[in-house]
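Welcome to a short set of exercises on reading a protein structure. Have the sequence and the 3D view open, try each task yourself, and then follow the worked solution.

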Amino acid sequence: MELAKRLTSRTAVIARLNDSARLGLDRRARVLFTRNCLETFSEMLAIHPAQVQAQLFSAFRRCEFAADSPEHDFASIIFNDRKVWLKIDYYDLACEYGSEDPADAAMTTRVITILLPEDY
């Protein structure tokens, strides 16, 4: 029972840290958009890619997470009639290797990637 409680608590910590990054409150977090995603919406909407970035990031700030994403590390939304994904990965501070402990904000850089499913 104690192990299950620790795992649930750890998952909740990771979800909170991921939400903080997704909301733009984690200064260490990096946000990446795939080239295909930006070009697709920039052409479709006839706007600058920076405007696409702002609109997509805003949409993901308001998204809901499915029950199968307890760490809030993956989300899927419909944006302008297209499915768009958000994925959060965990790296060390230099972004060279995976983080040893994603629940420890002091040793983890969160990388948020926003992409179209075909970019995966």
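**Exercise 1. A salt bridge across the chain**

Which side chain meets that of Glu118 in a salt bridge? Keep in mind as you look that this is a predicted model.

*Solution.* Step 1: look for a nitrogen beside the carboxyl oxygens of Glu118; the partner is Arg82, with an N to O distance of 2.7 Å. Step 2: place both residues along the chain. Glu118 sits in the segment after β4 (109–115), while Arg82 belongs to strand β3 (residues 82–91), so the pair links distant parts of the chain, 36 residues apart. Step 3: check the surroundings of Arg82, whose relative accessible area of 24% makes it partly exposed.

**Exercise 2. A salt bridge inside a helix**

Find the partner of Asp19 and explain how the two residues are placed in their helix.

*Solution.* Step 1: the partner is Arg22, and the closest N and O atoms are 3.1 Å apart. Step 2: both residues lie in helix α1 (residues 2–22); because they are 3 residues apart there, about one helical turn separates Asp19 from Arg22. Step 3: ask about accessibility, and you will find that Asp19 and Arg22 are both buried. As general background, side chains of opposite charge can pair when their charged atoms come close.

**Exercise 3. A small network**

Which residues are linked with Lys87 in a network of salt bridges?

*Solution.* Step 1: start with Asp89, which forms a salt bridge with Lys87 at 3.8 Å between the closest N and O atoms. That fits the rule, because the cut-off is within 4 Å. Step 2: add Asp73, which completes the network with Lys87 and Asp89. Step 3: compare with the accessibility limits. Asp89 has 27% relative accessibility and Lys87 has a relative accessible area of 24%; each counts as partly exposed because buried means under 20% and exposed means over 50%. Step 4: for the whole model, the count comes to 5 salt bridges.

**Exercise 4. The sheet**

In what order do the strands of the open sheet lie?

*Solution.* Step 1: trace the 4 strands and you get β1-β4-β3-β2, with mixed pairing. Step 2: find the edges. β1 (30–33) and β2 each have a single partner strand, so one side of each has no neighbour in the sheet. Step 3: look at the twist: on average, neighbouring strands are turned by 20° against each other, direction ignored. Step 4: examine β3 and β4, which pair in the antiparallel sense over 7 bridges. Lys87 from the previous exercise appears again here, with Thr113 in β4 as its bridge partner. Step 5: add the helices. α2 lies across β1, β2, β3 and β4 and runs at about 150° to β3. α3 also packs on the sheet, touching β1, β2, β3 and β4, and its direction makes about 120° with that of β2.

**Exercise 5. The nonpolar core**

Which residues of the largest nonpolar core touch the most other members?

*Solution.* Step 1: the core has 25 residues, and those with the most contacts to other members are Phe41, Leu56, Phe60, Val84 and Ile114. Step 2: see where the core comes from: α1, α2 (35–45), α3 (49–61), β2 (74–79), β3 and β4 each supply at least two residues. The largest share, 5 residues, is from α3. Step 3: zoom in on Phe60. Beyond its neighbours within four places in sequence, its contacts include Arg22, Val84 and Ile114.

Conventions:
Residues numbered from 1 in each chain as written. Predicted model: local features only at pLDDT ≥ 70, side-chain atom pairs only at ≥ 80, totals over all residues. Heavy atoms only, no water. Buried < 20%, exposed > 50% of the residue type's maximum accessible area, 1.4 Å probe, protein only. Core = buried A, V, L, I, M, F, W, Y, C linked by side-chain atoms within 4.5 Å. Contact = heavy atoms within 4.5 Å. Pairing = 2+ DSSP bridges. Axes fitted to C-alpha atoms, helices over the stretch in contact; angles between N-to-C directions.
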